[in-house]
Amino acid sequence: MRAPRALGLTTCLVAAFANLASAAPRPAAEASGIAPGTSSVAAADRCPARTAALAVQGSTLCLSIDDPAHSLRPQLLRDWIERSARIVAGYYSRFPAPLVELRIRAAPGDGVGGGRTTNESGLVIQVSVGRGVTPDELAADWVLVHEMVHLALPELGRRHNWLAEGLATYVEGIARAQFGNRDVSDVWAEYRHSMPLGLPRAGEGGMDQTPTWGRTYWGGALYCLQTDVRLRERTGNRVGLQTALRAILKETGGYGAERDIDDVLRIGDAATGTRVLQDLYGETKATAVAPDLELLWNRLGVPDDPKSQPFDDHAPLAAIRLAITAGQRESR
């Protein structure tokens, strides 16, 4: 999750890069809980003491593990971080942050817990991992991917937190499906089940006026789905939201920058030759709008239960549904 910079805190799990490289060890690496031999000299120069530097495609991850009992297995953690980073880098065509300090803290239980990221003097991420975490749990983890996606969008302010959280909610599933880390039917099953949580309730206002959990996460995700579908309809399925988001990252530099939401949406629209992002924002920012989700699912060919029922590949927008999870192949 990501909080506005005005609070001096961004709560999101972040980290990693698309390809962990091996080179000369950093003297302080042993104190971090990561075995020597995983850092490059150039990357090591960018990291604080007592962290292990991991270099990837010109980016650097400074990694430390707070695990006095040595219950966590560093190789499992490295595999998890690398996989998550590759997923995000694949979606955006590069990893969206040049330098991130990732602090992993061992916690009771299993699975991946919560985390927070500050951006006061550089990105610092803290995330808890259960001492009993298994390889399967790390392989199926969505949290780190969700939070890494936050790095690709500039800081837009408290009023537009729905876009930051909704985008991360929407992109996580699609990016993992494109990478082969999540089943496509599972992604659409979650969307079909959870998108209604983002619909406005009686008395609620527009997206900029309703900071509830449902509207922030799933209302924002619904905005992303609608723009993705509209973009593909208007461009003959040539480009979608992925193209717009790659352009936004490329021009703004991502979370390290502060930008106006209108400027960000204009950048995305310019990359697709449309006004889809701006127009839908104009429709929903101050007005409660409830799209017909049943009609949308029918047009996309998404069944009531995608995990047990077949998709309708003859539906009017079936090709768009397939293209969304297949991925954008061009580099933008």
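Colleague: Why is the disulfide of Cys-47 and Cys-62 called left-handed or right-handed?

Modeller: The torsion about the S-S bond of Cys-47 and Cys-62 is about -85 degrees, so this disulfide is left-handed. A caution: this is a predicted model, where local features need pLDDT of at least 70, side-chain atom pairs count only at pLDDT 80 or more, and totals for chains, interfaces and linings use all residues. Residues are numbered from 1 along each chain as its sequence is written, and side-chain values use heavy atoms, leaving out hydrogens and water.

Colleague: What makes Cys-47 and Cys-62 a disulfide?

Modeller: The term needs a pair of cysteine sulfur atoms within 2.5 Å. Here the S to S value is 2.0 Å, so the pair meets the definition. Cys-47 sits in the loop between helix H2 (41–44) and strand S1 (52–56), and Cys-62 in strand S2 (59–66), so the link ties parts 15 residues apart in sequence. Helices (H or I, at least four residues) and strands (E, at least two) are DSSP runs, numbered from the N terminus.

Colleague: Why is Cys-62 called buried?

Modeller: Buried means under 20% relative accessible area (1.4 Å probe, protein chains only), exposed over 50%, partly exposed in between. Cys-62 has 2%, so it counts as buried. Cys-47, at 9%, is buried too.

Colleague: How do you know that S4 pairs with S5?

Modeller: Pairing takes at least two DSSP bridges between two strands. S4 (112–119) and S5 have 6, and run antiparallel. So they pair. Thr-118 stands opposite Val-124 in S5.
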